[in-house]
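Trainee: Hi! Could you walk me through this protein model at a first-year pace?
Mentor: Happy to, let's have it on screen.

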Amino acid sequence: MEQDPAYVGVVIAILGFLIGVSKGGFGGLGALLTPLLALVLPVALAVGVLLPMLMVGDAFAVYMYWKEWEIDLVKRTLPAGIAGALAGTALLSWLPPDGLRVILGIFVLLLVVYKFVSDRIQAMRYEPRPWHAPAAGFLSGIASGMFNNGGPAFSSYLLLQRLKPRPFIATSAIYFALLNLIKVPGFLYTGVLDLPLLFSLWWVFPFIPLGIWVARITLTRVSPAAFEWIIILLLIFSSFWLFWQSL
């Protein structure tokens with residue numbers, strides 16, 4: 001699918017800004033990044049383009065929440081997360097483009113379901129089991145390897161741990177910072193991460209700290225309920241658009 005390079009550049013710049021906004025406090029925006037970019041690029045290329053930008057956002061998030069994380073939770077989930085990320089990267093490079101669009105569309109609809117049930121997850125009467133952490137790590141790793149979006153599986157596990165907000169954000173930040181860093185060799189080996197394309201997008205990266213700054217000064221001025229509904233509607237729109245493009 002041919003796209004105007006200027007149009008694609010504008011979309012990537014907006015997504016760079018949105019990465020910063022999501023890392024600055026509006027975490028729900030993270031779910032939109034890959035599906036929106038996949039509307040103008042093949043899914044595998046969109047995932048590869050986003051990874052370095054996410055890593056820049058990770059660095060800022062880790063800095064802002066330095067050592068506030070629960071490292072034991074990271075140790076329990078990260079090994080299985082690495083295995084899942086390797087499997088997800090293999091699927092990303094192996095599946096055909098239209099098949100990836102359909103899978104991404106289904107995945108986005110699952111994200112919508114997650115947004116409706118996340119409060120119920122937190123209210124569940126939870127009895128920990130030894131396999132819960134590896135399962136959460138593996139599922140988040142697969143989703144991260146395929147679509148740079150392992151947040152729901154990992155966040156569900158953290159919600160059950162009853163963490164306070166700052167340790168919750170910090171633990172998620174360090175987990176995905178490490179997981180994204182570990183994904184780089186696999187992305188390079190499979191060709192998902194296109195280095196010449198990445199170097200041509202150097203101008204996008206300043207939009208990330210700009211987005212973080214905007215998020216920090218507007219976080220308390222936005223209605224959380226209205227923000228959540230905007231995200232849900234955009235997710236539903238992008239999902240059905242991906243289905244239409246795959247036909």
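Mentor: What follows is a short tour of this predicted model.

Trainee: Great. How many helices and strands are there in the chain?
Mentor: The chain has eleven helices and zero strands. Reading from the N terminus, the elements run α-α-α-α-α-α-α-α-α-α-α.

Trainee: And what share of the residues is buried?
Mentor: Buried residues make up 50% of the 247 residues in the chain.

Trainee: What about helix 7, is it mostly enclosed or open?
Mentor: Helix 7 covers residues 151–160, and eight of its ten residues are buried, so the rest of the structure largely encloses it. The buried ones are Pro152, Phe154, Ser155, Ser156, Tyr157, Leu158, Leu159 and Leu160.

Trainee: What comes after helix 7?
Mentor: Arg162 follows helix 7, and its phi is positive, near 60°.

Trainee: Hm, why would a positive phi be worth a mention?
Mentor: Because most residues other than glycine have a negative phi. Two further cases here are Lys67, with a positive phi of about 60°, and Asn148, with a phi near 55°.

Trainee: Where does Lys67 lie, and where does Asn148 lie?
Mentor: Both are in loops. Lys67 lies between helix 3 (43–64) and helix 4 (71–94), while Asn148 lies between helix 6 (132–147) and helix 7.

Trainee: Is Lys67 buried or exposed? And Asn148, buried or exposed?
Mentor: Lys67 is exposed, with a relative accessible area of 63%. Asn148 is at 12% relative accessibility, so it counts as buried, the limit for that being under 20%.

Trainee: New topic! How many salt bridges does a search of the whole structure find?
Mentor: The search finds one salt bridge. Arg166 pairs with Glu68, and their closest N and O atoms are 2.8 Å apart.

Trainee: What does that pair tie together?
Mentor: Arg166 sits in helix 8 (residues 165–190) and Glu68 in the loop between helix 3 and helix 4, so the salt bridge ties together parts that are 98 residues apart in sequence. As background, side chains of opposite charge can pair when their charged atoms come close.

Trainee: How accessible are Arg166 and Glu68?
Mentor: Arg166 is partly exposed, at 42% relative accessibility. Glu68 is partly exposed too, at 29%.

Trainee: While we're on helix 8, what about Tyr189?
Mentor: Tyr189 is found in helix 8 and counts as exposed, at 75% relative accessibility. Tyr189 and Thr89 are 100 residues apart in sequence, yet their C-alpha atoms are 9.9 Å apart in space.

Trainee: Which residues form a nonpolar patch on the surface?
Mentor: Val102, Ile106 and Leu110 do, with about 250 Å² of accessible area together. Ile106 is found in helix 5 (residues 97–123) and is partly exposed, with a relative accessible area of 44%.

Trainee: Those numbers go up in fours. Why might that matter in a helix?
Mentor: An α-helix has 3.6 residues a turn, so residues three or four places apart point the same way.

Trainee: Now for empty space. What is the volume of the second largest pocket?
Mentor: The second largest pocket has a volume of about 260 Å³. Its lining has 13 residues, and Phe107, Leu110, Ala143, Pro152 and Ala153 lie nearest its centre. Leu110 belongs to the nonpolar surface patch as well, and Pro152 is one of the buried residues of helix 7.

Trainee: Which helices each supply at least two residues of that pocket's lining?
Mentor: Helix 5, helix 6 and helix 7 each do. By class, the lining of the second largest pocket has nine nonpolar, four polar and no charged residues.

Trainee: And how many cavities of 30 Å³ or more are there?
Mentor: The count comes to one. The largest cavity holds about 40 Å³ of space, and its lining is Leu45, Gly48, Val49, Val192, Leu193, Asp194, Leu197 and Leu198.

Trainee: Which elements give two or more residues to that lining?
Mentor: Helix 3 and helix 9 (195–200) do. Helix 3 provides the largest share, three residues.

Trainee: Last one: how do the residues of the largest cavity's lining divide by class?
Mentor: They divide into six nonpolar, one polar and one charged.

Notes
Residues are numbered from 1 along each chain as its sequence is written. This is a predicted model: local features need pLDDT of at least 70, side-chain atom pairs count only at pLDDT 80 or more; totals for chains, interfaces and linings use all residues. Side-chain values use heavy atoms; hydrogens and water are left out. Patches are made of residues with over 30% relative accessible area and no salt bridge: like charges are joined within 9 Å, nonpolar side chains (Val, Leu, Ile, Met, Phe, Trp, Tyr) within 5 Å. Accessible areas come from the Shrake-Rupley method with a 1.4 Å probe; for residues, only the protein chains shown count as cover. A salt bridge is a side-chain nitrogen of Lys or Arg within 4 Å of a carboxyl oxygen of Asp or Glu. Helices (H or I, at least four residues) and strands (E, at least two) are DSSP runs, numbered from the N terminus. Buried means under 20% relative accessible area, exposed over 50%, partly exposed in between (1.4 Å probe, protein chains only). On a 1 Å grid over the protein atoms alone, a cavity is a set of points where a 1.4 Å probe fits but cannot get out, and a pocket is an open set with protein on both sides within 12 Å along at least five of seven lines; lining residues have an atom within 4 Å of a point. Grid points are joined across faces, edges and corners, and a volume is the space filled by probe spheres set on the points. Ala, Val, Leu, Ile, Met, Phe, Trp, Tyr, Cys and Pro count as nonpolar, Asp, Glu, Lys and Arg as charged, and the others, Gly among them, as polar.
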